[in-house]
Amino acid sequence: MSSLKIAIGSILLRNPLILTAGILGTTFSSLNRCYAAGFGAVTTKSIGIEPREGYANPSVIYIPEIDSIINAVGLANPGYITYGQELKKIDSEVKYIMSIFGSTPDEFQLIIKYIQSRNLVNPPKAFELNLSCPHATKGGISVGTDPEIVYEIVKGATSVSRIPIWIKLTPNITDIKSIADAGVRGGATGIVAINTVKAMLIDITTKKPILANIRGGLSGRAIKPIGIHAIYDLYEYLGAKTPLIGTGGIWNWQDIIEYILAGATAVGMGSLLFNYNNLELSVNKLITGIKKYLETQDMSISEIRGLAHEHAQI
Amino acid sequence: MNTHKFDLPLVLPVAFLKFETKTQATITLEVVIPKQYSLSIQPGQYFMLWLPQIDEIPISVSNFEKNRLAFTICSKGYTSKQMMTMQKGDLLGLRGPFGKGFEIHPENVAIIVAGGMGITPLRYLIYNLLKIKTKQIILLQGAKTASELYFQEELKYLDIKTFFYTDDGSYGQKGFPTQKLLALLNNTQNHNELALYGCGPEIMLKQILEIAKTNHIQHQVQLSLADRYIRCGYGICGSCYLDDIGLSVCHDGPVFRGDILEQIKDFGNFGRKADGSKYKL
């Protein structure tokens, strides 16, 4: 069987499947369980400065018609100091990415410095910057939608971090390339795209929005073509040198191949695990599917990366 | 016939309301599930009950009979208090059923231990056990005081053996149902046919498990942790995971077997809040 080992910059993973931020990542025990199930790496829940309870329910709803999930959890997290305790208990073999959020470059720096000062036996392999927070002063715009703010945040983070900095991009923007460009200029060595797509649901009986927060983000099958488009654009713009983590709507192994053909180095996934029966089996099915495809094509995983672009150039 | 699960809210008018106690601290709400839907609900499973623009809370099914689905609610927080003020015809959203419930077998002698509000999913369990003609059903129900022995008036007339306990001795025997469980197990020769069920304060559940362990029947115990914090119901948001083995209350539970629970260090010790931080139970 062909190897699925990949490198995201200096980070070596046993396979390209990464459990994405916000799914099963609140506790050390669920991260351990997911890694044991076979993921190449797992990502923590996004952690910020202060503890947050998140929004009221309904906050996570599966929409059967489109195999998708709408959520407005509201960055619930125990705060970086408490979460530092959680990280101490992550198994030593688990490769994990720590997702962090903030409103200012200082907040990101504070969290990175604190985590690095903990002398963790198993520290994170990278920090993933969740840029979905509203900006502290710029009238509530999400920090990830302004290239200058993104540049400042990433530059601030890379200046204090001893490990790679990744950024997670929102699709809710006209030009995703300008944000990626700002991130790369700031020193990001991994681009994760995409975060959830703005969405909402209204109940026609009560005539009221269903999510307690009214507005939310969509993940799952419906957003995969949007994610593929983003990765295709980013690969075309940044070239093969920048690692891309294609995320959004992966539901089977074919979707993973599609992301890699578009230009992804690795893939993030999470929504497909809703109502899981057997995590090991679910991950194993994906890995077997990818391996068989590569065998049939007689190619390695790095050889198929970005192949869809060659056809485009004809 | 395929059974339905409501992922998006099914909004129905409340068809029936009844206060379970004179103190009006507990209410049972019923909705009528329209005939086009076929629901199969395991005892111990729960629904998310939605009050638009307020909140949505997980509530165990307290009965499901002839399309009438019942939930019993006590005034624990803001949302449940709002639900207590509902009138017949008010709209309630339902999503579910969620989670894993109790497994039942006719050949068992079922011993059911209930503490306080823990009786609500066990009430539906008892009706299911009666339906499949379980060999014997013994209910050990405890509460702080007589007025909190919910459904006691209803259950004592069923074809089951009942024993009631109150902390203050205001009804039944003064003490805890776990004392009776201990005595029952000591006096039972054949432990193989026993099935132990429990729901209530986690301290009580922990005692049930300890008693079962002393008798080497922890794999015959099923306990509901329905009292714990739950957010998404799908096992994916990660808010309700139990350490160290990483099982979700909302999807892997809320009912767990005793041999699983004995591996869960959080059981009887630590809970998790909505922000993900831990607290001592």
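The largest cavity of this predicted model is lined by residues of chain B: B:Arg228, B:Tyr229, B:Ser239, B:Cys240, B:Tyr241, B:Leu242, B:Val249, B:Asp266, B:Phe270, B:Gly271, B:Arg272 and B:Tyr279. Two elements of chain B each give two or more residues to this lining, namely β14 (241-242) and β17 (270-272). Of these, β17(B) gives the most, with 3 residues. Readers following along in the structure may like to start from B:Phe270, B:Gly271 and B:Arg272, which are among the lining residues and fall within β17 of chain B. The volume enclosed here is about 70 Å³. By class, the lining of the largest cavity comprises 7 nonpolar, 2 polar and 3 charged residues; B:Arg228, B:Asp266 and B:Arg272 make up the charged group.

For the second largest cavity, the volume is about 40 Å³. Its lining is drawn from chain A and consists of A:Ile18, A:Leu19, A:Thr20, A:Ala21, A:Thr43, A:Glu128, A:Trp166, A:Val192, A:Ile245, A:Thr247 and A:Gly268. Here the elements giving two or more residues are β3 (17-19) and β15 (244-247) of chain A. A:Ile18 and A:Leu19 of the lining lie in the span of β3, while A:Ile245 and A:Thr247 lie in that of β15. The lining of the second largest cavity divides into 6 nonpolar, 4 polar and 1 charged residues, the charged one being A:Glu128.

Taken over the whole model, the count comes to 2 cavities of 30 Å³ or more.

Technical notes. Residues numbered from 1 in each chain as written. Chains lettered and ligands numbered in written order. Predicted model: local features only at pLDDT ≥ 70, side-chain atom pairs only at ≥ 80, totals over all residues. Heavy atoms only, no water. 1 Å grid on protein atoms, 1.4 Å probe; cavity = no way out; pocket = protein on both sides within 12 Å on 5 of 7 lines; lining within 4 Å. Points joined across faces, edges and corners; volume = space filled by probe spheres on them. Helix = DSSP H or I, 4+ residues; strand = E, 2+ residues; numbered from the N terminus.
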